[in-house]
Amino acid sequence: MNERAIVRRPSIVMDVQDLVVSAAFWGRLLGVEPGQPRSNGDYLTVGPVAPGVALVLQRVDEPRRVKNRVHLDFTVDDVDEAVELILELGGRRLERQFTGSGETMADPDGNEFCIADYVRDTKGERVQSTA
């Protein structure tokens, strides 16, 4: 199938209660300087999570109450080092839900994400990360 995509330039929009705290957390993890709040202080673009894909934070009043239906996975060079930084920035380790040599984590708002030192190809096979 070689049809033209009808959607493009995706953004990942994450609900958070505190734009400033969450922007600092995600900006540090992604190694970017987050933008400024906009649209009456309800949105903030942190920066790219992959080429052409931006992480955007959306301020909401209510706290997260249930498990995320969608979460982000990140490849890191050193899982233990990444866990240490995430905890230092106000994130937390969640009950082990990850299969393999990774960790399931949460940002200061409780949004879940996983970290591992490998990626998977389209067949599901592990491919070691190349920095």
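Q: What does the secondary structure of the protein chain come to?
A: Two helices and nine strands. Keep in mind that this is a predicted model. Reading from the N terminus, the elements go β-α-β-β-β-α-β-β-β-β-β.

Q: How do you know how far to trust the protein chain, in terms of pLDDT?
A: The scale runs from 0 to 100, and the chain averages 88, with 93% of the residues at 70 or higher. Confidence peaks in α1 at a mean of 96 and bottoms out in strand β9 (residues 126-128) at 75. As a rule of thumb, predicted coordinates shouldn't be read in detail where pLDDT is low.

Q: What makes the radius of gyration of the protein chain agree with a compact globule?
A: For 131 residues, a compact globule would come out near 14 Å, and the protein chain has 16 Å, so the two agree. The C-alpha atoms fill a box of roughly 45 × 40 × 30 Å along the principal axes. As for burial, the cut-off is under 20% relative accessible area, and 34% of the 131 residues count as buried. The chain exposes about 8900 Å², with carbon and sulfur atoms supplying 48% of that.

Q: Why are β1 and β2 said to stand at the edges of their sheet?
A: The sheet is open, with three strands in the order β1-β3-β2. β1 (11-16) and β2 (43-50) each have a single partner strand, so each has one side without a neighbour in the sheet. From one strand to the next, the twist averages 25°.

Q: What makes the pairing in the sheet β1-β3-β2 mixed?
A: Pairing takes at least two bridges. β1 and β3 have six, in the parallel sense, while β2 and β3 (residues 53-59) also have six, in the antiparallel sense. Put those together and the pairing is mixed. Leucine 55 in β3 is the bridge partner of isoleucine 12 and also that of glycine 47. Tyrosine 43, meanwhile, sits opposite glutamine 58 in β3.

Q: Why is β3 called largely enclosed?
A: Buried means under 20% relative accessible area. Five of the seven residues of β3 are buried, so the rest of the structure largely encloses this strand. Helix α1 (residues 19-30) lies across β1, β2 and β3, at about 15° to β2.

Q: What is the phi of glycine 52 in the hairpin of β2 and β3?
A: Glycine 52 takes a positive phi near 80°, in a hairpin with two residues between its strands. The hairpin of β6 and β7 has five residues between the strands, and glycine 110 in its turn has a positive phi of about 90°.

Q: What makes β6 count as mostly covered?
A: Using that under-20% cut-off, five of the five residues of β6 (residues 102-106) are buried. Gly102, Thr104 and Ala106 point one way, Glu103 and Met105 the other, and all are buried.

Q: How do you know that β6 pairs with β5 and with β7?
A: Count bridges again, where at least two are needed. β5 (residues 92-93) has two with β6 and runs antiparallel to β6, with arginine 92 opposite alanine 106. β6 and β7 (residues 112-116) are joined by five, also antiparallel, and methionine 105 has phenylalanine 113 as its bridge partner in β7.

Terms used
Residues numbered from 1 in each chain as written. Predicted model: local features only at pLDDT ≥ 70, side-chain atom pairs only at ≥ 80, totals over all residues. Heavy atoms only, no water. Helix = DSSP H or I, 4+ residues; strand = E, 2+ residues; numbered from the N terminus. Axes fitted to C-alpha atoms, helices over the stretch in contact; angles between N-to-C directions. Contact = heavy atoms within 4.5 Å. pLDDT = per-residue confidence, 0-100. Rg over C-alpha atoms; globule rule 2.2 N^0.38 Å. Buried < 20%, exposed > 50% of the residue type's maximum accessible area, 1.4 Å probe, protein only. Areas by Shrake-Rupley, 256 points an atom, 1.4 Å probe, with all protein chains shown as cover.
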